[in-house]
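Hello,

Here is the structure I promised to hand over. My notes follow below it.

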Number of protein chains: 2
Amino acid sequence: MPSKTFINLEAEKRKRIVDATVFEFASKPYEQVMISDIIKKAKIPRGSFYQYFIDKEDLYIYIIGVIKQEKMTFFESTLNNYNGLKFLDLVRKLYEEGVQFALKYPRYVKIMDFLMKNKNPLYDKIMAENVLYAEKVYANLIDQDKAKGYIREDIDSLTFAKIIVQLTTNIAVEELDIDNEVESFKRMLERNNQILKIIEYGVLKG
Amino acid sequence: MPSKTFINLEAEKRKRIVDATVFEFASKPYEQVMISDIIKKAKIPRGSFYQYFIDKEDLYIYIIGVIKQEKMTFFESTLNNYNGLKFLDLVRKLYEEGVQFALKYPRYVKIMDFLMKNKNPLYDKIMAENVLYAEKVYANLIDQDKAKGYIREDIDSLTFAKIIVQLTTNIAVEELDIDNEVESFKRMLERNNQILKIIEYGVLKG
DNA sequence: AAAAATTATGACAACCTTGTCATAATCGCT
DNA sequence: AGCGATTATGACAAGGTTGTCATAATTTTT
């Protein structure tokens, strides 16, 4: 938790610190990020940093919080109105918004990506339950679709949910290139459509 | 490349070093592995290490080589006889063998997993072409299946290939627990069957 | 305007890792 | 046994990081 000193900091300075932090955590896994680099980039003295945050963990958790907040806001309306949507239509919609989010905050996406893939020491503290939760929510929606006759009964809901989580986060992000956003944007959507088509209809003929 | 001094080392000592190395690279990403820990675990003096390997990179590339070798041998027969197999049957077979491999060498799998996910500085040097190659080989087999009428023509072969690579390596490995191998074994196979069913037939009803 | 409370600084100790190197121990031959 | 070649060792310099702390600069109160 940042100290109130940090909270009260003039906006410009606070932004410099947040930006430097985001930049660093978006370029390497948690363990490799060094406070030294952050303060160098943010142009604040070492002593000041420790006046704002206890240590790297403190800073990291703060930044993750910021990202979560931003995400909430971004996906809010869709997540509040998914009633009536078929599961895969919701996935499609969330994915499209996800691409928009990635375009707007590419570094946030990188940070979350590092967190997901590297499972740093704080992973459990921060994400584990969220991911499992997401999978369960999905599995639930899938069950509902089964009940409505949209999805075959013999499909394992949890596996299906895992596939969606896996594919939409991974193959998607694979196309994400911070330096060539607009191009990757198209590719991500295209790729996702292909993926969903396969999931919907399968690949077998006849 | 290890020095000939290392090659000529008495087997027991060499094994100690290899084991310690494998252990370390299987527990953290490349950058976080420290030579200090390896020599401590292998019980060799610091000076000796540098008599065998130039540095961490040298050691790592050597170990990756060992793993690749072992993999080759393991998958050899299947990969030489895939003619006539439908693509998804080959995938199934490779996956089953993959599980066996993971059971036999769980740490090797972890090491490759770190390499794939973290894309350390040596990634390109070692894997990039391999992965792309795998995807292309798969895409090729998929095309053949299309020609034979097994797979729908409107499926994007590369996307399909990517899905297979992604799912069989990720969701699969997710179940891999070094400390509870036999249990995870069953779960991995079960999970994979579910995945393939979805890929084959899709999830939609009717 | 003086005192109190806050905030800003950067030098520094403690710690750790890497790669080197001079020296010691062994081995292999003659 | 003696000597050159090979291998083994571990102390050490160089370089970097973290967190602390005494001190200085500012801002707020009174």
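**The surface near DNA strand D**

In this predicted model, 17 residues lie around DNA strand D, and Met34(A), Ser36(A), Tyr50(A), Pro45(B) and Gly47(B) come nearest. (A residue is near a strand if its C-beta atom, placed from the backbone, lies within 6 Å of it.) Elements giving two or more residues to this surface are α3 (35-42) and α4 (46-52) of chain A, and α4 (46-52) of chain B. Helices are DSSP runs of H or I, at least four residues, numbered from the N terminus. The largest share, four residues, comes from α4(B). The surface divides into six nonpolar, seven polar and four charged residues. (Ala, Val, Leu, Ile, Met, Phe, Trp, Tyr, Cys and Pro count as nonpolar, Asp, Glu, Lys and Arg as charged, the others, Gly among them, as polar.)

**How the copies relate**

A rotation of 180 degrees, with 0.0 Å of shift along its axis, superposes chain A on chain B at RMSD 0.1 Å. That is the relation of a two-fold axis. The fit is by least squares on C-alpha atoms of residues with pLDDT of at least 70 in both copies. Of the residues of chain A, Gly202(A) comes closest to the axis, at 1.8 Å (C-alpha).

**Conventions**

Residues are numbered from 1 along each chain as its sequence is written, chains are lettered from A and ligands numbered from 1 in the order written. As the model is predicted, local features need pLDDT of at least 70 and side-chain atom pairs count only at pLDDT 80 or more, while totals for chains, interfaces and linings use all residues.

Best wishes
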